[in-house]
Amino acid sequence: MASVVAREDLRTPAVFVLETLAVAGCYYAGGRLGLMRELRVGGSVVSPVWPPTGVAVACLLVLGLRCWAGIALGALLILLHLTTLRLSSLGVLVGNTAAPVVGYLLLRRVGFRMDLTRLRDCLSLVFLGAFAAMLISSTAGAVMLLATGDLPAEHFWLVWLAWWVGDAMGVLLVAPVLLVLYRVRAPVPWQRWVEGVVLAVIAAGLVPLATHSRASLLFVIYPLLIWAALRFQLAGSMVCALFASVMATISATDRVGPFRNLSEVEVLSNLQAFNGALALTALLLSAVITEQRNTRRSVERACQELVEVLEHLTAGEAAGRPPPPPPPRREGE
């Protein structure tokens, strides 16, 4: 018995180290993806969607608070990739680590469930995990850049807003997809695979056309999003939203399609409005549809149980046995 306990004690630090390195690697990979497409706002380079925030929130929800060290290590690796460490880097590092941790604590406080099948869970992710928590990272980073003179005062609010929205979009677009992938268990019927392939083929042709056309065709993506939410709930709608957001970000950074001939601020504002509308539509619509389906299944189960009870009572009366006494009435009924 003592040897078993000893082996478990020795294995726990090793598991912690492996989890920390895995989280740091995923965070760093997400950061490199985010840095592939950047926009210049107020003399600073910002990412319209910052995937590491979504990676960090998802890892915290799955692994717990112990993975904060991996988030900090991943954020440090991103900073080392971008620049040499300075005083302002400390504020960015602390903010990027604290923001997802605070978001996780807020979500756990309100009883958040990772399956995102309730509307309240989606609203909690939007307003607590994304909008509220990411105020920490954007404020800490922008304030430190301003204090060290790396950010002009006249551009503070513009950079702060772009930073906050980019971090929030990372949570709204990336975290749900990772949580869906983590919870995939049940086999999918082949009919659903066929429909999913048809949806993917249509999206692969329509979304690049809508995001790169000079005409304002971005609205044609929303029927695809509604189709994905109706038939595949969160898994389909969030993957579709993420794909559309990536294609729109590529179009915006290349200044083509609906983002052609726009100023830097106009490109960023239009792109972020589109990404935000995509994420909110996918999250909330799929949650409402899933809630309605779960309610219908509960009603169907209750009706089936009632039919079985009535059949049992009828069979008892036909056999000449007295029916069981009714349940006692509670006071006040």
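## Contacts of L61 and the nonpolar cores

Leaving aside neighbours within four places in sequence, L61 is in contact with Y104, L107, F112, M114 and L179. This residue belongs to the largest nonpolar core of the predicted model. That core has 72 residues, and L61, L116, I221 and L283 are those with the most contacts inside it. Helix 9, which spans residues 221-253, gives the most to this core, with 13 residues.

Apart from this core lies another one, of nine residues. Among its members are V92, A142, L145 and W160.

## Overall organisation

The secondary structure of the protein comes to ten helices and two strands. Read along the sequence, these elements follow the pattern α-β-β-α-α-α-α-α-α-α-α-α. The protein has 333 residues, of which 42% count as buried. Among contacts with a separation of 6 or more, 73% are made by residues 24 or more positions apart.

## Annotated transmembrane regions

An unreviewed UniProt entry carries the annotation "transmembrane region" for residues 12-30, 55-80, 87-107, 127-146, 158-181, 193-210, 217-250 and 270-289. Two of these spans can be described from the coordinates of the model. In residues 55-80, the end C-alpha atoms lie 19 Å apart, and the span is 85% helix and 0% strand. In residues 127-146, the end C-alpha atoms lie 27 Å apart, with 95% helix and 0% strand.

## Packing of helix 6 against helix 7

Two packed helices are described by the angle between their axes and the distance between the axes. For helix 6 (residues 134-147) and helix 7 (residues 156-183), the angle is about 145° and the axes are 8 Å apart. The crossing of helix 6 and helix 7 is right-handed.

On the helix 6 side, the contact involves M134, L135, S137, S138, T139, G141, A142, V143, L145 and L146. These residues meet F156, W160, W163, W164, D167, A168 and V171 in helix 7. By class, the contact has twelve nonpolar, four polar and one charged residues. A142 and L145 of helix 6 and W160 of helix 7 take part in this contact, and these three residues are also among the members of the nine-residue core.

## Residues with positive phi

Most residues other than glycine have a negative phi. L116 departs from this pattern, with a phi near 55°. L116 is found in the loop between helix 4 (87-109) and helix 5 (119-132). Its relative accessibility is 1%, so L116 counts as buried, the cut-off being under 20%. L116 is also one of the residues with the most contacts inside the largest nonpolar core.

R255 likewise has a positive phi, of about 55°, although it is not a glycine. R255 lies in the loop between helix 9 and helix 10 (264-318). Because its relative accessibility is 32%, R255 counts as partly exposed.

## Strand 2 and the adjoining loops

R37 is found in the loop between helix 1 (2-35) and strand 1 (39-41). With a relative accessibility of 30%, R37 counts as partly exposed. R37 and T249 are 212 residues apart in sequence, while their C-alpha atoms are 7.2 Å apart in space. Not counting residues up to four places away in sequence, R37 touches S47, P48, T249, I250, T253 and D254.

V46 lies in strand 2 and counts as buried, at 8% relative accessibility. Its C-alpha atom is 7.8 Å from that of V159, a residue 113 positions away in sequence. Beyond four places in sequence, V46 touches E38, L39, V41 and A162. S47 is found in the loop between strand 2 (44-46) and helix 2 (51-63). A relative accessible area of 12% places S47 in the buried class. The C-alpha atoms of S47 and W163 are separated by 7.6 Å, although these residues are 116 positions apart along the chain. Leaving aside neighbours within four places in sequence, S47 is in contact with G34, R37 and G166.

Note on methods
Residues numbered from 1 in each chain as written. Predicted model: local features only at pLDDT ≥ 70, side-chain atom pairs only at ≥ 80, totals over all residues. Heavy atoms only, no water. Axes fitted to C-alpha atoms, helices over the stretch in contact; angles between N-to-C directions. Helix = DSSP H or I, 4+ residues; strand = E, 2+ residues; numbered from the N terminus. Left-handed = near helix turned anticlockwise from the far one by under 90°. Contact = heavy atoms within 4.5 Å. Nonpolar A, V, L, I, M, F, W, Y, C, P; charged D, E, K, R; others polar. UniProt positions renumbered as here; feature names shortened; annotations may be inferred. Core = buried A, V, L, I, M, F, W, Y, C linked by side-chain atoms within 4.5 Å. Buried < 20%, exposed > 50% of the residue type's maximum accessible area, 1.4 Å probe, protein only.
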